[in-house]
Amino acid sequence: MTRFAIQRHYASMQPLVALGQNIRAAGRLEPALIELVQMRVSQINGCAFCLDMHSKDARAAGETEQRLHLLPAWRETRLYSERERLALAWAEELTELASPEAVSDALHEQARQHFDEEALVDLTLLVVAINSWNRINVAARTIGGSYRAGTHG
């Protein structure tokens, strides 16, 4: 059972909606990369609603079932580009934050080979945004499964 309806409080969440729109509009991150990062973070956080949303949006944008199914084990496959692999590693370290050194200097150096500073900031903001949405939906106990591709703000 849901604790509160996200739709009822959607006006309060407009800064998060705008953040996501701004990241996409900047064009520094590929749409497929955005969906993969959002899915991986949502897997880590156990957010069924966001997994439902981003898997459907990723499929609608042409993502393959195989890449979506293997996403939790992305390190053990060669289905993802080096840029995607670095984005996923960045997203995982930033999501888990096990210590103040969690986002390592070594990972930062590797990421800077594939992302300029603006793109890395966008990637960081993307991870912040999806972590926020995950926490909102987990707190609200939003039910996953009914999302229709392409219908979010």
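**Figure 1. The largest nonpolar core of the predicted model.** Of the 41 residues in this core, Leu29, Val37, Trp90, Phe115, Leu123, Leu126 and Trp133 touch the most other members. The elements that each supply two or more core residues are helices H1 (14-26), H2 (31-45), H3 (48-60), H5 (82-96), H6 (105-112) and H7 (117-140). H7 makes the largest contribution, with 10 residues. A nonpolar core is here a set of buried Ala, Val, Leu, Ile, Met, Phe, Trp, Tyr and Cys residues joined through side-chain atoms within 4.5 Å. Buried means under 20% relative accessible area, exposed means over 50%, and partly exposed lies in between (1.4 Å probe, protein chains only). Helices (H or I, at least four residues) and strands (E, at least two) are DSSP runs numbered from the N terminus. In soluble globular proteins, nonpolar side chains tend to be buried together. This is a predicted model, in which local features need pLDDT of at least 70 and side-chain atom pairs count only at pLDDT 80 or more, while totals for chains, interfaces and linings use all residues. Residues are numbered from 1 along each chain as its sequence is written, and side-chain values use heavy atoms, with hydrogens and water left out.

**Figure 2. Surroundings of valine 37 in helix H2**. Valine 37 counts as buried, at 0% relative accessibility. Leaving aside residues up to four places away in sequence, valine 37 touches Ala87, Leu88, Ala91, Leu123, Leu126 and Val127, where contact means heavy atoms within 4.5 Å. Valine 37 and isoleucine 130 are 93 residues apart in sequence, and their C-alpha atoms are 8.7 Å apart in space.

**Figure 3. Arginine 67 in helix H4**. Helix H4 covers residues 65-70. Arginine 67 is buried, with a relative accessible area of 12%. A polar contact of 2.5 Å joins the side chain of arginine 67 to the side chain of glutamate 63. Such a contact is a pair of N or O atoms within 3.5 Å; within protein, one must be able to donate a hydrogen and the other to accept it, and residues adjacent in sequence count only if both atoms are side-chain atoms. Beyond its neighbours within four places in sequence, arginine 67 is in contact with Leu36, Leu79, Tyr80 and Glu84.

**Figure 4. Cysteines 47 and 50, neither of them in a disulfide**. A disulfide is a pair of cysteine sulfur atoms within 2.5 Å, and by this rule the count is 0. For cysteine 47 the nearest cysteine sulfur is that of cysteine 50, 3.4 Å away. For cysteine 50, in turn, the nearest is the sulfur of cysteine 47, at 3.4 Å. Cysteine 47 is buried, with a relative accessible area of 2%, and cysteine 50 is buried as well, at 3%.

**Figure 5. Valine 103 in the loop between H5 and H6**. Valine 103 is partly exposed, at 25% relative accessibility. Setting aside residues up to four places away in sequence, valine 103 touches Trp90, Glu93, Leu94 and Leu97. The C-alpha atoms of valine 103 and tryptophan 90 are separated by 7.0 Å, with the two residues 13 apart along the chain.

**Figure 6. Arginine 78 in the loop between H4 and H5**. Arginine 78 is exposed, with a relative accessible area of 70%. Arginine 78 and glycine 62 are 16 residues apart in sequence and 18 Å apart in space, C-alpha to C-alpha.

**Figure 7. Backbone at arginine 141, in the segment after H7**. Arginine 141 has a positive phi of about 55° although it is not a glycine. Most residues other than glycine have a negative phi. Arginine 141 counts as partly exposed, at 45% relative accessibility.

**Figure 8. The whole chain, for orientation.** The protein chain has 7 helices and 0 strands, in the order α-α-α-α-α-α-α along the sequence. Its radius of gyration is 15 Å, close to the 15 Å that the globule rule gives for 153 residues, so the chain is as compact as a globular protein of that length. The radius is taken over C-alpha atoms, and the rule is 2.2 Å times the number of residues to the power 0.38. The C-alpha trace spans about 45 × 35 × 30 Å along its principal axes. Buried residues make up 42% of the 153 residues. Among contacts between residues at least 6 apart in sequence, 71% join residues at least 24 apart.
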